Amino acid sequence: MGPKLLLYVDTVSPMAYEAYYILRNDPVFKSVEITYIPVFLGGLMKACGNTPPLNIKNKDKWIDKERIRWAKAFQVPMSEQKPPGFPPLTLLIMRALCAVAVLGGQDALIKCLDELYPAYWVHGKATHEKEGLMACLSKALGEEMARKAMEMAPKEGKELLGKNTDQAFAEGAFGLPWFVAENSKGERDVVWGWTIWRSW
């Protein structure tokens, strides 16, 4: 058995996007079995009493500089300007992504994340609005499957998103990116943020 990584994601988080992009593109992770799990970051932070970075004086400016710094360091495509109206409510996106995972598993989920992340963080598109979300899902999956995912989002997607977010909380998560790592010996650990690159 080779090494495994699980990454919890929400498209609202620039750091989760950077982590996702690196896992998808850095050759060091090519031999790693990676699983992506959609969660609702707002719900996770509420569950553990965490305060959004933008609501913390000084941290709001620091976090914006930090996302740009890391994007440049790891060559992650990202606009230096924050997307309009940041941060958006991503509940519909994450429910739809959970529905996608039910319909098509990891392959379909990855196709959608590959569309949604750059649409938002590079091009500043309103992916949290139904029309923008549907456009990204249709491009990734085709219109029929995208429509089915949107239909499933309020029920099956909602249920799975709740379970995933509870799972992340049970793993100790309080923000993103949050990893669950398992080496080839089966030894398991959880990692928050960029410490994954120093410990991998």
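Which residues does Y8 touch, not counting residues up to four places away in sequence? In this predicted model, the partners of Y8 are A16, I37, V39, N164, Q167, A168, E171, L176, W178 and V180. That list makes a handy starting point for a short tour.

**The nonpolar core**

Y8 belongs to the largest nonpolar core, a set of 62 residues, and is listed with Y36 and L137 as having the most contacts inside it. Several helices and strands each supply at least two residues of this core: the strands are β1 (4–9), β2 (33–38) and β3 (178–182), while the helices are α1 (14–25), α2 (41–47), α4 (91–121), α5 (130–141) and α6 (143–170). Helix α4 gives the most, with 17 residues.

**A polar partner of Y8**

One of the residues touched by Y8 is N164, and N164 lies in helix α6. Leaving aside residues up to four places away in sequence, N164 touches Y8, I37, P38, V39 and C98. Two of these partners, I37 and V39, also appear among the contacts of Y8. N164 counts as buried, because its relative accessibility of 7% is under the 20% cut-off.

**The annotated site**

UniProt, in an unreviewed entry, places the feature "active site" at S13. Where in the fold should you look for S13? Look in the loop between β1 and α1. S13 is buried, with a relative accessible area of 6%. Its contacts, again not counting residues up to four places away in sequence, are L41, Y117, W121 and L176. L176 is also on the list of residues that Y8 touches.

**The cysteines**

How many disulfides does a search of the whole structure find? The search finds zero. Two cysteines, C112 and C136, help to show why. The closest cysteine sulfur to that of C112 is in C136, at 8.8 Å, too far for a bond. Seen from the other side, the sulfur of C136 has its closest cysteine sulfur in C112, so no bond is possible for C136 at 8.8 Å either. A disulfide needs the two sulfur atoms within 2.5 Å.

Both cysteines are buried: C112 has a relative accessible area of 0%, and C136 has one of 8%.

**Buried residues side by side**

Here are the accessibility values from this tour.

| Residue | Relative accessible area |
|---|---|
| S13 | 6% |
| C112 | 0% |
| C136 | 8% |
| N164 | 7% |

With the structure in front of you, Y8 is a good place to begin: from there you can step to N164 in one contact, and S13 shares the partner L176 with Y8.

Note on methods: Residues numbered from 1 in each chain as written. Predicted model: local features only at pLDDT ≥ 70, side-chain atom pairs only at ≥ 80, totals over all residues. Heavy atoms only, no water. Core = buried A, V, L, I, M, F, W, Y, C linked by side-chain atoms within 4.5 Å. Buried < 20%, exposed > 50% of the residue type's maximum accessible area, 1.4 Å probe, protein only. Helix = DSSP H or I, 4+ residues; strand = E, 2+ residues; numbered from the N terminus. Contact = heavy atoms within 4.5 Å. UniProt positions renumbered as here; feature names shortened; annotations may be inferred.
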